[in-house]
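Visitor: I am new to this structure. Please take me through one part of it up close, and then show me what sits around the ligand.

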Amino acid sequence: MTMQEYIDAAESALLHTYNRYQIVLEKGEGVHLYDMNGKEYLDFVAGIAVFALGYGNKRYNDALKDQIDKIIHTSNYYYNVPAIEAAKRIKEVSGMDRVFFTNSGAEAVEGAIKAARKYACNKEGHTDHEIIAMEHSFHGRTFGALSVTGNSHYREAFEPMIGNIRFASLNDFESVLKNVNDKTCAIIMETVQGEGGLTPATEDFLKQVRRLCDEKDILLILDEIQCGMGRTGYMYAWQRFGVKPDIMTTAKALGCGVPVGAFLMTEKVGANSLVAGDHGTTYGGNPLACRAVWTVLDIFKDEKILDNVNEVASYLSDKLDELKDRYDFIEEKRGVGLMQGLKFNRPVAPVINKCLEKGLIVINAGADIMRFVPPLVITRADVDKMADILNRSIEESF
Ligand SMILES: *Cc1c(COP(=O)(O)O)cnc(C)c1O
């Protein structure tokens, strides 16, 4: 079958929940992807901040193959070595105390919400607590996660959401104060907003919210699903300012492509929230997924992935600044580390399509923002190549 025939087959079989780009990707090598006609693309998306290590990392691939031959799945009613090794390592890099492995980011957010509600219920002997979330946030597509997602477009057709959610504005502490009351049990936010437009929470804001949470025993939940796992140059983005959450979610690059997420908590929350019977998952934390996590965290350490992020991020930032200065319809450069964006005063779809034609994969975050979330192993030369293709694509688009 030709690529077009596969695309037609996809459109008649898959539910149309994505407007897909017209390519069928077949394999990857390093920071490049190849479609089924063998055309090469430089990848600045990494499966949306997932494939941090680049494609075809031998140590990662070998570990997974080895695990497949040992055992792929057991139930959480039994212990398995990969889950124990993965838990040990993720505790070490996050400084959190307890971990629950999930199958996705949204599920990690669900678990975080349940843990926060249970904590408040235990403490006060009743339910009906409230959660404060942020406008323009994105936390996932399941009902709990969707309920704290601050983009009404995603929620509207599916109302009612879970109740007792209030929205404040990121980096506007007054707006948080306005929404706090005796029923507030948690404040949830992304440390750096991803889908909502690459906006980092400021140090002041995070510290003010942390202080408020400490005063009132409200739990701070930081969603690190996109901004975590080294993307900002720190293992977790909150480590940049030392504002530690009570509960944290992680996923995307955690398994580098094997579906796995986690929510983690401090001992204080762990000892006073979910207990046996309160929460579970059939697949979550299975040996294959956790072997991926275990291996990814070891590779991060041994191959000094964070050092590369810190080395290349400022270079990417400079290149994007140059583009911003060159074109007056580019309004702003945003983001931090290898999680950056360019805000245009118009839709960016034409640019993305031109880039694709020229062998560069980039993606948007909202209609008018271009998002750059490449594999964390990219080099300055890759950034140069990206910037050159992007520049020519912009020129040809407008
Ligand atoms: C992607 C994402 C999610 C949802 O993760 P899924 O694995 O798609 O369920 C949640 N929060 C943030 C910040 C994300 O970027």
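Guide: Start with the second largest pocket of this predicted model. About 1,100 Å³ of space lies in this pocket. Its lining counts 29 residues. Nearest the centre are Asn76, Val99, Phe100, Phe101 and His279. Three elements each supply at least two lining residues: the helix α4 (81-94), and the strands β4 (98-102) and β10 (261-265). By class, the lining of the second largest pocket holds 14 nonpolar residues, 12 polar ones and three charged ones.

Now turn to the ligand. Which residues are around the ligand? They are Ser104, Gly105, Ala106, Phe138, His139, Gly140, Glu190, Asp223, Ile225, Gln226 and Lys252. This shell divides into three nonpolar, five polar and three charged residues.

Take three members of the shell in turn, each with a polar atom facing a ligand oxygen atom in the list of contacts. Ala106 uses its backbone: a polar atom there is 2.7 Å from an oxygen atom of the ligand. Gln226 uses its side chain, where a polar atom lies 2.8 Å from an oxygen atom of the ligand. Lys252 also has a side-chain contact. An N or O atom in the side chain of Lys252 is 2.6 Å from a ligand oxygen atom. How much of the ligand does the protein bury? Taken alone, the ligand exposes 390 Å². The protein buries 81% of that area.

Technical notes
Residues are numbered from 1 along each chain as its sequence is written. This is a predicted model: local features need pLDDT of at least 70, side-chain atom pairs count only at pLDDT 80 or more; totals for chains, interfaces and linings use all residues. Side-chain values use heavy atoms; hydrogens and water are left out. A residue is near a molecule or strand if one of its heavy atoms lies within 4 Å of it. A polar contact is a pair of N or O atoms within 3.5 Å; within protein, one must be able to donate a hydrogen and the other to accept it, and residues adjacent in sequence count only if both atoms are side-chain atoms. Accessible areas come from the Shrake-Rupley method with a 1.4 Å probe; for residues, only the protein chains shown count as cover. Ala, Val, Leu, Ile, Met, Phe, Trp, Tyr, Cys and Pro count as nonpolar, Asp, Glu, Lys and Arg as charged, and the others, Gly among them, as polar. On a 1 Å grid over the protein atoms alone, a cavity is a set of points where a 1.4 Å probe fits but cannot get out, and a pocket is an open set with protein on both sides within 12 Å along at least five of seven lines; lining residues have an atom within 4 Å of a point. Grid points are joined across faces, edges and corners, and a volume is the space filled by probe spheres set on the points. Helices (H or I, at least four residues) and strands (E, at least two) are DSSP runs, numbered from the N terminus.
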